Amino acid sequence: MADDKTIIADPGSSIFNPPKKTAACLVQYSGTNLGKRYVLDHNEMTVGRAPTVDIVINEQSVSRSHAQCVQQGEEVVMVDLGSSNGTYVNDKKVVGRQTLRDGDIIRLGNIVFKFFAQGNVENVFHDKIYRMATIDVGTNTFNKKYLIESLESEFKFARAYARPLSLIYFDLDFFKKVNDTYGHSVGDGILRDTASLVKSTIRKDDIFCRYGGEEFVILLPSTDAKTAYELAERIRSLFENHKFEIQGHVIKQTVSSGVSQLIPKMQGPDSLLEDADKKLYQSKTDGRNRVTI
């Protein structure tokens, strides 16, 4: 989904070492994605409900193409695009164009943002807090909390726009034996390297999370089951042929996966996760190191 491209809490960087140079941004102060930071790093960025805009806000009070943030030198100008419920800056309706000032409160429909100008150190603080709330420290991937929120949002998005949505649920085979044999510090190293391997394989818009222990989930917006299966198989093959070198030990580690696509009979986002979990269990029952769809 397009809004995930704008999240500054990218698991690829350190929680306590955000970028020193900060671009202007919007921080969401209400709604499902409370605390999410959207970087204004293009000359023109459209905010709205449509899947094709730069910053997607999945909220009915927001128009499909609601407003636009336009860079003019070091300034950012807010432009309303004929929205149904209006664009407001500090409770004043935007008519035409409005230059934003550091700390301005912006309202699009029922969704509230705060604007942080370029170089404002406070937006680094917001970034750090958001990272701490959504990133798994052990693997530098998104955590279970973030997955549940994203799954709910992507479920609504897929239903509203008839887009495919798939999910890969995988875990590390016989991982307890690794911990028992080599110790938990080696096991932690394998978890970190697992995250790095998977990140090298998935797309930018895929949502990769540690669900718990040695279990991981990849949420795949706008992706059908066939494509999801092909990705899961690439990951399985990557692990099968990879040697983990941790603290002087060379360890082989395989993975088992379950793949599921959202179908009409699924009543809620939990149904997609549960179906993938059942297929993961089937992969284990059938001998592990395999993908079940």
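Begin the tour by selecting Glu-230, a partly exposed residue with a relative accessible area of 35%; here, buried means under 20% relative accessible area, exposed over 50%, and partly exposed in between (1.4 Å probe, protein chains only). The model is predicted, so local features need pLDDT of at least 70 and side-chain atom pairs count only at pLDDT 80 or more, whereas totals for chains, interfaces and linings use all residues. Residues are numbered from 1 along each chain as its sequence is written, and side-chain values use heavy atoms, with hydrogens and water left out.

**Salt bridges**

Add Lys-226 to the selection: this residue forms a salt bridge with Glu-230, and the closest N and O atoms are 2.6 Å apart. A salt bridge is counted when a side-chain nitrogen of Lys or Arg is within 4 Å of a carboxyl oxygen of Asp or Glu. Lys-226 counts as exposed, at 55% relative accessibility. Both Glu-230 and Lys-226 belong to helix H5 (residues 225–240), where four residues, about one turn of the helix, set them apart. Helices (H or I, at least four residues) and strands (E, at least two) are DSSP runs, numbered from the N terminus. Next, select Glu-233, Arg-236 and Glu-240, which are joined into one network by salt bridges that share partners.

Move to helix H2 (residues 144–161), in which Lys-145 and Glu-149 are four residues apart and therefore separated by about one helical turn. Their side chains meet in a salt bridge of 2.9 Å, N to O. Lys-145 is partly exposed at 45%, and Glu-149 is partly exposed at 25%.

Now select Asp-206 and Arg-203, whose side chains form a salt bridge of 2.6 Å, N to O. Which of the two partners is buried? Asp-206 is buried, at 8% relative accessible area, while Arg-203 is partly exposed, at 42%.

**Strand S14**

Colour strand S14 (residues 165–172), in which eight of eight residues are buried. In a regular strand the side chains alternate between the two faces of the sheet. Leu-165, Leu-167, Tyr-169 and Asp-171 point one way from S14, and Ser-166, Ile-168, Phe-170 and Leu-172 point the other way.

Strands are said to pair if DSSP finds at least two bridges between them. S14 pairs in the antiparallel sense with strand S16 (residues 215–221) over seven bridges; find Ile-168, whose bridge partner in S16 is Ile-218. Seven bridges also join S14 to strand S19 (residues 255–261), and these two run antiparallel. Here Asp-171 stands opposite Ser-256.

**Two domains**

Colour domain 1 (25–133) and domain 2 (135–291) separately; these bounds come from an automatic or database domain assignment. Their centres, taken over C-alpha atoms, are 32 Å apart. The area buried between them is about 890 Å², with 47% given by carbon and sulfur atoms. Buried area is the accessible area (1.4 Å probe) that two parts lose on being put together, summed over both. Select Pro-51, Asn-58 and Ala-133, which supply 47% of the area that domain 1 buries against domain 2, more than any other three residues. How many salt bridges link domain 1 and domain 2? The count is zero.

**Cysteines**

Finish with the search for disulfides, which finds zero in the whole structure; the criterion is a pair of cysteine sulfur atoms within 2.5 Å. Select Cys-25: the nearest cysteine sulfur, that of Cys-69, is 11 Å away. Cys-25 is buried at 0% relative accessible area, and Cys-69 is buried at 3%.
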